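I opened my notebook to get to know one structure, a step at a time. Here is what I looked up.

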Amino acid sequence: RPFSDIMSLPTKVLRIADQGKRPSSGDERRKGREQQLQRAYGNKASNGRPKDVLKQFGVSLRRDSELAESKSEDILELIGAEHQPMLHVLTSRCLKLTACNTLVPQGYDQVLSHVLSVNDDAFTVDVLPSFIARLGSTDVEAQPSLGACLEMMPLLLKLLSSSYSDYLLVALHALNAVLLFAESDLKQAARAPTDVAAMRSMSVQGIYLQLAQLQAQVEVLVQCELVTVAKEANLVLARLVALD
């Protein structure tokens with residue numbers, strides 16, 4: 001039945017009620033309306049309440065909370081229909097992070113090894129905040145090894161060449177964290193690059209040797225038009241220069 005007919009139901013109900021003798025009490029009045037509706041619309045109208053009448057025609061009156069919940073579900077369905085590729089990407093990243101999280105009990109170096117094996121920029125960016133937090137941790141057992149930091153250098157260099165500002169910022173933050181983490185060792189390596197015996201780890205020399213490439217890329221980012229990227233690049237560059 002057209003929506004206009006449904007909305008005119010109350011008017012029809014009143015018109016039908018006016019044709020007979022008005023009931024003398026509330027119960028009789030309701031009963032009279034039910035009988036008139038039965039004659040006018042058959043079994044589709046069980047009583048005179050608008051909610052029940054409209055329900056018979058496939059229209060329901062819901063509470064505001066139910067309506068809000070329905071709208072939310074409709075919005076989610078609409079987003080899902082319009083953004084399937086993005087939902088697929090985010091789901092994939094979530095699954096990778098979940099799998100990565102299972103490696104944490106085996107040591108954080110295992111987590112970083114997994115990141116290297118996946119070799120996905122978006123996944124690396126997702127993990128780097130955790131990497132930065134571990135580097136700043138006071139718990140030695142929670143910290144990654146210098147060897148793991150060395151293995152992360154190529155990934156950081158790759159991200160520093162990205163066209164995405166978020167990738168640039170997280171890579172700069174991670175490089176700054178590595179420099180702070182190994183600052184004393186790197187300064188020692190700067191004073192005596194060939195004195196391996198004086199270094200705490202062989203990995204220090206490897207990190208130090210890769211800093212030249214990283215510094216060149218940071219110097220490029222200092223000229224970046226994005227203020228946040230340029231500001232962070234200046235801070236990292238100052239720390240790199242201070243190692244000499």
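My entries below go from the whole chain to a few helices and single residues.

**Entry 1: the whole chain**

I began by noting that this is a predicted model. Then I asked myself how many helices and strands there are in the chain. I found 13 helices and 0 strands. Reading along the sequence, I wrote down the pattern α-α-α-α-α-α-α-α-α-α-α-α-α.

Next I looked up burial, and of the 244 residues of the chain, 32% count as buried. I also checked the contacts with a separation of 6 or more, and residues 24 or more positions apart account for 57% of them.

**Entry 2: helix α7 and what comes after**

Which residues of helix α7 are buried? In this helix, residues 108-118, I listed Tyr108, Val111, Leu112 and Val115. I then looked down the axis of α7: the buried residues fall within an arc of 95°, so they line one face of the helix.

Just after α7 I came to Asn119, with a positive phi of about 55°. I stopped here to recall a rule of thumb: most residues other than glycine have a negative phi. Asn119 has a positive value in a residue other than glycine, so I marked it in my notes. Where does Asn119 lie? I found Asn119 in the loop between α7 and α8. Its relative accessible area is 46%, and because buried means under 20% and exposed over 50%, I filed Asn119 as partly exposed.

**Entry 3: two single residues**

I moved on to Thr124, which has its place in helix α8, residues 121-135. Is Thr124 buried or exposed? With 2% relative accessibility, Thr124 counts as buried. I left aside the neighbours within four places in sequence and looked up what Thr124 is in contact with: Val115, Leu155 and Leu159. I had met Val115 already, among the buried residues of α7.

Then I turned to Leu90, which sits in helix α6, residues 84-101. Leu90 has a relative accessible area of 43%, so I noted this residue as partly exposed. I also looked up Leu90 together with Ala122: they are 32 residues apart along the chain, and their C-alpha atoms are separated by 9.9 Å.

**Entry 4: helices α10 and α12**

I reminded myself that two packed helices are described by the angle between their axes and the distance between the axes. For helix α10 (residues 165-181) and helix α12 (residues 202-221), I noted an angle of about 135° and axes 12 Å apart. That makes α10 oblique to α12. I added that α10 passes α12 in a left-handed crossing.

Which residues meet here? From α10 I wrote down Leu168, Leu172, Leu175 and Leu179, and from α12 Leu211, Leu214, Val218 and Leu221. I sorted the residues of this contact into 8 nonpolar, no polar and no charged.

**Entry 5: helices α11 and α12**

My last stop was helix α11, residues 183-191, with α12 again. Their axes come within 9 Å and cross at roughly 75°. I therefore described α11 and α12 as roughly perpendicular to each other.

On the α11 side, the contact is made by Asp185, Leu186, Ala189 and Ala190. On the α12 side, I listed Val204, Ile207, Tyr208 and Leu211. I remembered Leu211 from my α10 entry, where Leu211 is one of the α12 residues in that contact. The residues of the contact of α11 with α12 divide into 7 nonpolar, no polar and 1 charged.

How values were computed. Residues numbered from 1 in each chain as written. Predicted model: local features only at pLDDT ≥ 70, side-chain atom pairs only at ≥ 80, totals over all residues. Heavy atoms only, no water. Buried < 20%, exposed > 50% of the residue type's maximum accessible area, 1.4 Å probe, protein only. Helix = DSSP H or I, 4+ residues; strand = E, 2+ residues; numbered from the N terminus. Arc of directions from axis to C-beta. Axes fitted to C-alpha atoms, helices over the stretch in contact; angles between N-to-C directions. Parallel < 35°, antiparallel > 145°, perpendicular 65-115°, else oblique. Left-handed = near helix turned anticlockwise from the far one by under 90°. Contact = heavy atoms within 4.5 Å. Nonpolar A, V, L, I, M, F, W, Y, C, P; charged D, E, K, R; others polar.
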